[in-house]
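Me: I'd like to go through this model and ask what stands behind each label. Could you answer by setting the values against the cut-offs?

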Amino acid sequence: MKNVTLHTLAQLKQDGEKFTCLTAYDATFAQVLNQAGVEVILVGDSLGMVLQGNDSTLPVTVEEMAYHTACVKRGNSSSLIMADLPFMSYATTEQALDSAAALMQAGAHMVKLEGGAWLADTVEALSERGIPVCAHLGLTPQSVNKLGGYKVQGREEDSAVQLLQDARALEQAGASVLLLECVPSSLAKQLTEIAGVPVIGIGAGADTDGQVLVLHDMLGITPGRRPRFVKDFMSEADSIEGAVSAYVNAVKGGLFPSAEHGFA
């Protein structure tokens, strides 16, 4: 696989070809994802739950994110690396610039942050300084306490309209990618069609330009109840490499996600 850039993702969207994203937190899995052709590696603050054993992503720090981003960078040869800005690390624009600088210097090619139109000034400041941004909308795990749990977002008309307005504002501010989590499939389809930038989905139906899952979820090793939007690709594979390749092929072939993995 040639080096994946923002231009690569934009071209895939234009050509109507799906692309894949998976989380990774170390060099070994970064190599596995590279070999399987995963276009985007997300160094997610999900590490707070799947690696550290916390009950949310909130305890994760910038320093921890930078450490794991550097680990992934050492194992990466071709994927675009996207790293999460953790909870309260971008409460002000100045803080966001400092936090993003730490992750970019650790090896990220793009940072991801969670929130709506209120982040437009921050996104603009980052973009102006050469830091690509992915704007995460819908279910935003860092706001789980305010949202009252991990619930589907955008089902009511007013919240759907707000989500579309937020997406438009963040794209206009300079966001290079949008990520939708746990929103109705029909809303994700509408947003993907009107967005001028690539849209990645998780629990957002099959019509987004790309799909993302947490690596531990798609390997079936996360304890507890499995979210509706997750498929265990390890159950039908004879190796981790095989499971990741199966995920890539399923997304690109339009076999995943299916209707059962989305929300009405």
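Reply: Sure, starting with a term: a helix here is a DSSP run of H or I with at least four residues, and helices are numbered from the N terminus. Keep in mind that this is a predicted model.

Me: What makes residues 93–106 count as a helix, and how does the reach of α5 fit?

Reply: A helix needs at least four residues, and α5 has 14. The expected span is 1.5 Å times one less than the number of residues. For α5 that gives 20 Å, and the first and last C-alpha are indeed 20 Å apart, close to expectation. After α5 comes Gly 107, with a positive phi near 130°.

Me: Which residues of α5 are buried, and what covers them?

Reply: Ala 96, Leu 97, Ser 99, Ala 100, Leu 103 and Ala 106 are the buried ones. Their cover includes α4 (62–75), β3 (80–84), β4 (110–114) and α6 (120–128). As background, an α-helix has 3.6 residues a turn, so residues three or four places apart point the same way.

Me: Why is the pair of Phe 233 and Phe 256 called edge-to-face?

Reply: Two numbers settle that. Ring centres must lie within 6.5 Å to pair, and these are 5.3 Å apart. Planes over 60 degrees apart count as edge-to-face; here the angle is 85°, so the label fits. Phe 233 sits in the loop between α10 (215–218) and α11 (240–252) and Phe 256 in the segment after α11, so the pair ties together parts 23 residues apart in sequence.

Me: How do you know that both of these rings belong to buried residues?

Reply: Buried means under 20% relative accessible area. Phe 233 comes out at 5% and Phe 256 at 4%, so both qualify. The structure holds three aromatic pairs, and ring pairs link Phe 233, Tyr 247 and Phe 256 into a cluster.

Me: What makes the bond from Phe 256 to Pro 257 stand out?

Reply: Most peptide bonds are trans. The one from Phe 256 to Pro 257 is cis, with omega near 0°. Pro 257 is in the segment after α11.

Me: Why is there no disulfide between Cys 21 and Cys 134?

Reply: A disulfide needs sulfur atoms within 2.5 Å. The sulfur of Cys 134 is 8.2 Å from that of Cys 21, its closest cysteine sulfur, so that is too far for a bond. The structure as a whole holds zero disulfides. Cys 21 and Cys 134 are both buried, each at 0% relative accessibility.

Me: What is unusual about the phi of Met 88 and Cys 182?

Reply: Most residues other than glycine have a negative phi. Met 88 has a positive one of about 60°, and Cys 182 has a positive one of about 50°. Met 88 is in the loop between β3 and α5, while Cys 182 lies in the loop between β6 (177–181) and α9 (185–194). At 5% relative accessibility, Cys 182 counts as buried.

Me: Why is the link between Glu 39 and Lys 252 called a polar contact?

Reply: The cut-off is 3.5 Å between N or O atoms, and these two side chains come to 2.6 Å. Glu 39 lies in the loop between α2 (27–36) and β2 (40–43) and is buried, at 6%. Beyond its sequence neighbours, Glu 39 also contacts residues including Met 1, Phe 19 and Ser 79.

Terms used
Residues are numbered from 1 along each chain as its sequence is written. This is a predicted model: local features need pLDDT of at least 70, side-chain atom pairs count only at pLDDT 80 or more; totals for chains, interfaces and linings use all residues. Side-chain values use heavy atoms; hydrogens and water are left out. Rings of Phe, Tyr and Trp (its six-membered ring) pair if their centres lie within 6.5 Å; planes under 30 degrees apart count as stacked, over 60 as edge-to-face and the rest as tilted. Helices (H or I, at least four residues) and strands (E, at least two) are DSSP runs, numbered from the N terminus. Buried means under 20% relative accessible area, exposed over 50%, partly exposed in between (1.4 Å probe, protein chains only). A polar contact is a pair of N or O atoms within 3.5 Å; within protein, one must be able to donate a hydrogen and the other to accept it, and residues adjacent in sequence count only if both atoms are side-chain atoms. Contact means heavy atoms within 4.5 Å.
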